[in-house]
Amino acid sequence: MASQSANSEGAELGRFLRARRTRTSLEHVGLTVGAGVRRTPSLRREELATLAGISIDYYVRLERGKETRPSPAVLGSLARALHMDDQEHQHLRELAARAARYAPEPPPAPGRTVRPHLKLLLESLRPNPAYVISRSMDMLAWNPGGLALYAGLEDWPAKHRNLARYLFLHPASRDLFSDWDRQITACVARLRAVAGTAPDAPDLTNLVGELLLKSPDFARLWERYEVTGRKPTRKTFHHPRVGTLTLTSQSMHLEGTPGQRIGVYTAEPGTPDHDAMLLLDMTAPAAASHQESGVHPPDL
């Protein structure tokens, strides 16, 4: 059992390295393509091993999941050779740490219960749209604007409401975001980062399995294995009820509730965006009050 666990974690480390290598061109790392025939523009294993200063055999074992205890120095060399950013380098270290544990203890399942004082907090944030979501982007609780902001999401049963599922499977999402391609890319990258360090967690595997089957766009982006963290950002919504509004979003982890985050949108008072946000809150359906949901894959 311990050996199987190590192999599973090593395989995830190898998948990430392989995905980053196949997306890295010679030009990107400052090498020149020779005159001979080359089947792929991306780095070969031996080229990456040379750039990182490790043996070809050792790197092949890493990529195949056979080597599960790379040193911090090796990880740093690979990150530099592949021009990883800080977020990607950190993800690489987390994968290696998991691969090095021969009998890893499974992490506790994230809590799905939203504590009463957090529901009061959501209500106190009105008219700012706000919600609590799980690590797999299930909407667990919300205030009226937090649900109404994602046009059409209230039409789904509470147990089906998930922001990743909405982006890929709800027809209204493409009209809501003019930068839909950027939104879905960031969504998949975040799920990849979470799933990479909890690859067997049912809440993640169920969602990913569903989206792989139902969305070619998700499957294409999932194969790229990009990872990223959430950062404060401005989002523009073309909302069918209140028109176009641009809001600043902020996401924060909640203390004492592993895997849960609160997301809040704000606008400068006195601006058209703030007026639209007020209107959204006032006209939200009565059913869009804060509540908690259990989530199961929908039959969409």
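# Reading a predicted fold, feature by feature

Modeller: Let's begin with the interior: the largest nonpolar core has 44 residues, and Y150, F168, L191 and F237 have the most contacts inside it. Please keep in mind that this is a predicted model.

Colleague: Happy to. Which helix gives the most to this core?

Modeller: The general idea comes first. In soluble globular proteins, nonpolar side chains tend to be buried together. Here, helix α10 (residues 180-197) gives the most to the core, with 6 residues. There is also a second, separate core of 26 residues, and A19, L92, A99 and Y225 are among its members.

Colleague: Let me zoom in on one core residue. What does F237 touch?

Modeller: Leaving aside residues up to four places away in sequence, F237 touches L149, Y150, L176, F177, G243, T244, L245, L247 and Y265. Y150 appears in that list, and Y150 is itself among the residues with the most contacts inside the core.

Colleague: And the chain overall? How many helices and strands does it have?

Modeller: The protein chain has 13 helices and 5 strands. Of its 300 residues, 49% are buried. Looking at contacts between residues at least 6 apart in sequence, 62% join residues at least 24 apart.

Colleague: Now a strand. How should I read the two faces of β1, covered or not covered?

Modeller: In a regular strand the side chains alternate between the two faces of the sheet. For β1 (residues 130-133), A130 and V132 lie on one side, with Y131 and I133 on the other. These four residues are all buried, and both faces of β1 are covered.

Colleague: Which strands does β1 pair with?

Modeller: One partner is β5 (residues 261-266), which runs antiparallel to β1 and is joined to it by 4 bridges. Within that pairing, A130 stands opposite V264. Another partner is β2 (residues 139-142), also in the antiparallel sense, over 3 bridges. There, Y131 has W142 as its bridge partner.

Colleague: What links β1 to β2?

Modeller: The two strands form a hairpin with 5 residues between them. In the turn, M137 has a positive phi of about 75°.

Colleague: Back to helices. Why would you call α4 largely enclosed?

Modeller: A helix has its own geometry to consider. An α-helix has 3.6 residues a turn, so residues three or four places apart point the same way. In α4, 7 of the 10 residues are buried, so the helix is largely enclosed by the rest of the structure. The buried ones are V74, L75, G76, S77, L78, A79 and A81. After α4 comes H83, with a positive phi near 55°.

Colleague: Just before α4 there is a charged residue I'm curious about. Where is E67, and is it buried or exposed?

Modeller: E67 sits in the loop between α3 (56-63) and α4 (72-81). It is buried and yet has no salt bridge. The cut-off matters here: a salt bridge needs the side-chain nitrogen within 4 Å of a carboxyl oxygen, and the nearest side chain of opposite charge, R61, is 4.3 Å away.

Colleague: What does the side chain of E67 reach, then?

Modeller: It reaches the backbone nitrogen of R69 at 2.9 Å. Not counting residues up to four places away in sequence, E67 touches L13, Y58, R61 and L62.

Colleague: How many salt bridges does the structure hold, and which parts do they tie together?

Modeller: The structure holds 16 salt bridges. One of them joins the side chains of R126 and D281, at 2.8 Å from N to O. R126 lies in the loop between α6 (116-124) and β1, and D281 in helix α13 (residues 272-283), so the pair ties together parts that are 155 residues apart in sequence. R126 is partly exposed, with 33% relative accessible area, while D281 is buried at 9%.

Colleague: Could you take me through another pair?

Modeller: R174 and D217 meet in a salt bridge at 3.1 Å, N to O. Since R174 is in helix α9 (residues 172-176) and D217 in helix α12 (residues 216-224), the pair ties together parts that are 43 residues apart in sequence. R174 is partly exposed at 48%, and D217 counts as partly exposed at 22%.

Colleague: Which residues are linked in a network of salt bridges?

Modeller: E12, R15 and R192 are linked in such a network.

Technical notes
Residues are numbered from 1 along each chain as its sequence is written. This is a predicted model: local features need pLDDT of at least 70, side-chain atom pairs count only at pLDDT 80 or more; totals for chains, interfaces and linings use all residues. Side-chain values use heavy atoms; hydrogens and water are left out. Buried means under 20% relative accessible area, exposed over 50%, partly exposed in between (1.4 Å probe, protein chains only). Lys and Arg count as positive and Asp and Glu as negative; His and the chain ends are not counted. A polar contact is a pair of N or O atoms within 3.5 Å; within protein, one must be able to donate a hydrogen and the other to accept it, and residues adjacent in sequence count only if both atoms are side-chain atoms. Contact means heavy atoms within 4.5 Å. Two strands pair if DSSP finds at least two bridges between them. A nonpolar core is a set of buried Ala, Val, Leu, Ile, Met, Phe, Trp, Tyr and Cys residues joined through side-chain atoms within 4.5 Å.
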